[in-house]
Amino acid sequence: MFFERPDAGETAVLVHVDFQDEHEREDPGEFLELVRSAGAEPATLLSGSRGRPDPRSFIGSGKVEELREALAVHDAELVIFNHALSPSQERNLEQSLKCRVLDRTGLILDIFAQRARTHEGKLQVELAQLEYMSTRLVRGWTHLERQKGGIGLRGPGETQLETDRRLLRGRIKAIHKRLDKVRSQRSQNRRARSRAEIPSVSLVGYTNAGKSTLFNALTASRVYAADQLFATLDPTLRRLEVEDVGPVVLADTVGFIRHLPHKLVEAFQATLQEAAEASLLVHVIDAADPDRELNVDQVEGVLDEIGALDVPTLKVMNKIDLLDSAPRIERDGEGRPEVVWLSARQDRGLELLEQALSECLADDIIDFDVTLAPEQGRLRAGLHELGAVREERFDDQGRTLLEVRLPRRDFLQLMARLGERADDYLPVALQDRPVWEQ
């Protein structure tokens with residue numbers, strides 16, 4: 001992190017501590033995946049348990065000595081903690097171990113730095129890195145922490161540390177300004193889609209749940225998808241045709257993880273805003289993960305943080321091929337889709353997801369028969385233009401008998417354009433339904 005990365009993967013000694021507080025616990029298996037995703041080579045995992053972190057070294061003097069021996073045995077020059085360290089703890093450990101020490105936040109930031117591809121994604125990662133680095137600058141400048149006097153050494157009256165902090169603040173301010181412009185552009189795009197009444201669907205979920213694989217299967221795209229954490233950082237938007245709804249904007253978003261650093265949530269606010277302002281969230285869950293319920297809680301926690309918890313949500317249980325389970329739709333007491341079980345990798349159950357999307361987004365579809373006289377050709381043409389005619393017949397008197405199915409909003413807009421009254425064509429049962437568009 002913030003050092004030149006060698007061509008080969010760095011050998012690292014990993015440290016994991018179990019705490020009594022359930023909320024402070026991390027998953028060692030997920031930690032190992034994070035390390036591998038960053039490109040490091042795990043040499044060994046030192047584990048232990050404590051009631052609370054040691055204020056000076058996080059793990060205590062005994063574990064520090066054990067860690068020093070492990071570094072010598074495996075000829076490693078990097079220690080990675082599965083926990084967030086304070087700047088002073090990180091500094092003390094580096095002084096004691098004479099090697100680089102990286103905490104969980106720094107590890108995730110390093111992965112993000114490798115994965116970001118778009119200009120926006122790189123800006124967001126750089127912002128999070130600079131915010132993180134600003135509290136740790138003293139680590140690199142302890143030899144310059146005093147101002148010096150004398151010929152040739154007089155300067156602007158600030159230490160190297162103060163100069164670096166000033167430069168950092170300037171860069172952070174510049175990135176914020178550019179990201180504000182990105183947010184403004186995204187907001188304009190969302191408003192344009194809203195004016196065009198195009199629904200938006202955002203894929204959200206825990207990292208490596210299969211969101212990008214599902215995205216590719218639905219849209220025939222080639223978004224990078226891999227069996228690794230944080231394979232997707234940059235949001236990707238594609239058009240998707242949904243029956244009874246029409247065009248829908250589908251967004252693939254960054255995956256969430258336990259104890260996602262707040263600075264990352266703040267930095268990726270522009271990206272996550274796609275989820276907060278979506279018409280529907282598709283929460284993709286790894287059905288084969290033994291910790292899936294805990295993962296769901298973590299995702300919902302981040303959604304709450306960005307103000308997206310109240311957005312209508314459809315859950316997708318992915319990877320049922322690992323459970324030898326059959327695709328199906330689970331519904332609530334009113335018959336609305338709640339959960340879709342499928343396998344994105346094997347293209348099993350995708351038609352059920354498309355059906356569920358149609359039912360969730362087209363929540364006011366009207367289905368009725370209408371008889372039109374020959375002089376009502378404009379109405380007939382308008383219904384055909386909307387793709388609403390399911391069947392068409394003609395009687396002996398030259399009248400057209402149409403079987404029609406379309407969103408109520410589209411029908412009302414057509415009636416308004418033609419200067420007609422919708423109730424003159426709708427059956428009484430449909431007229432009695434509440435119509436929020438009228």
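**Exercise 1.** In this predicted model, decide whether F81 is buried or exposed.

*Solution.* Step 1: take the cut-off, which is under 20% relative accessible area for a buried residue and over 50% for an exposed one. Step 2: take the value for F81, which is 0%. Step 3: compare the two; F81 counts as buried because 0% lies under 20%.

**Exercise 2.** Find the aromatic pairs in the structure, and describe the one that contains F81.

*Solution.* Step 1: a search of the whole structure gives 2 aromatic pairs. Step 2: in one of them, F81 is paired with F58; the ring centres are 6.0 Å apart and the planes meet at 90 degrees. Step 3: planes over 60 degrees apart count as edge-to-face, and the pair of F58 and F81 is edge-to-face. Step 4: place the two residues in the chain. F58 sits in the loop between β2 (41-50) and α2 (61-74), while F81 belongs to strand β3, so the pair links parts of the chain 23 residues apart. Step 5: F58 has a relative accessible area of 5% and is buried.

**Exercise 3.** Describe the pair formed by F368 and F411 in the same way.

*Solution.* Step 1: the centres of F368 and F411 are 5.3 Å apart, with 70 degrees between the planes, and the pair is edge-to-face. Step 2: F368 lies in strand β12 (residues 365-372) and F411 in helix α13 (residues 408-418), with their positions 43 residues apart in the chain. Step 3: F368 is buried at 4% relative accessible area, and F411 is buried at 1%.

**Exercise 4.** Which residues of α13 are buried, and how are they arranged around the helix axis?

*Solution.* Step 1: list the buried residues of α13, which are R408, F411, L412, L414, M415 and L418. Step 2: look down the axis of α13; these residues fall within an arc of 160 degrees, so they line one face of the helix. Step 3: check the other side of α13, where A416 and R417 are exposed. Step 4: look just past the end of α13, where G419 has a positive phi of about 70 degrees.

**Exercise 5.** Examine α10: its span, its buried face and what that face packs against.

*Solution.* Step 1: α10 has 14 residues and spans 20 Å from its first C-alpha to its last, close to the 20 Å expected at 1.5 Å a residue. Step 2: its buried residues are N295, V296, V299, V302 and L303. Step 3: seen down the axis of α10, they fall within an arc of 125 degrees, so they line one face of the helix. Step 4: these buried residues pack against β5 (200-205), β8 (280-286) and β9 (313-318). Step 5: just after α10, G307 takes a positive phi of about 75 degrees.

**Exercise 6.** Which residues touch the most other members of the largest nonpolar core, and which elements supply it?

*Solution.* Step 1: the core has 31 residues, and V35, I80, L107, F256, L281, L303 and A308 touch the most other members. Step 2: elements that each supply at least two residues include β1 (11-19), α1 (28-38), β3 (78-81) and α10 (292-305). Step 3: take V35 as an example. Leaving out residues up to four places away in sequence, V35 touches L14, A40, P42, I80 and L107. Step 4: a second, separate core has 25 residues, among them L314, V340, L357 and L361.

Conventions:
Residues numbered from 1 in each chain as written. Predicted model: local features only at pLDDT ≥ 70, side-chain atom pairs only at ≥ 80, totals over all residues. Heavy atoms only, no water. Core = buried A, V, L, I, M, F, W, Y, C linked by side-chain atoms within 4.5 Å. Buried < 20%, exposed > 50% of the residue type's maximum accessible area, 1.4 Å probe, protein only. Helix = DSSP H or I, 4+ residues; strand = E, 2+ residues; numbered from the N terminus. Contact = heavy atoms within 4.5 Å. Expected span 1.5 Å × (residues − 1). Arc of directions from axis to C-beta. Phe/Tyr/Trp six-rings, centres within 6.5 Å; stacked < 30°, edge-to-face > 60°.
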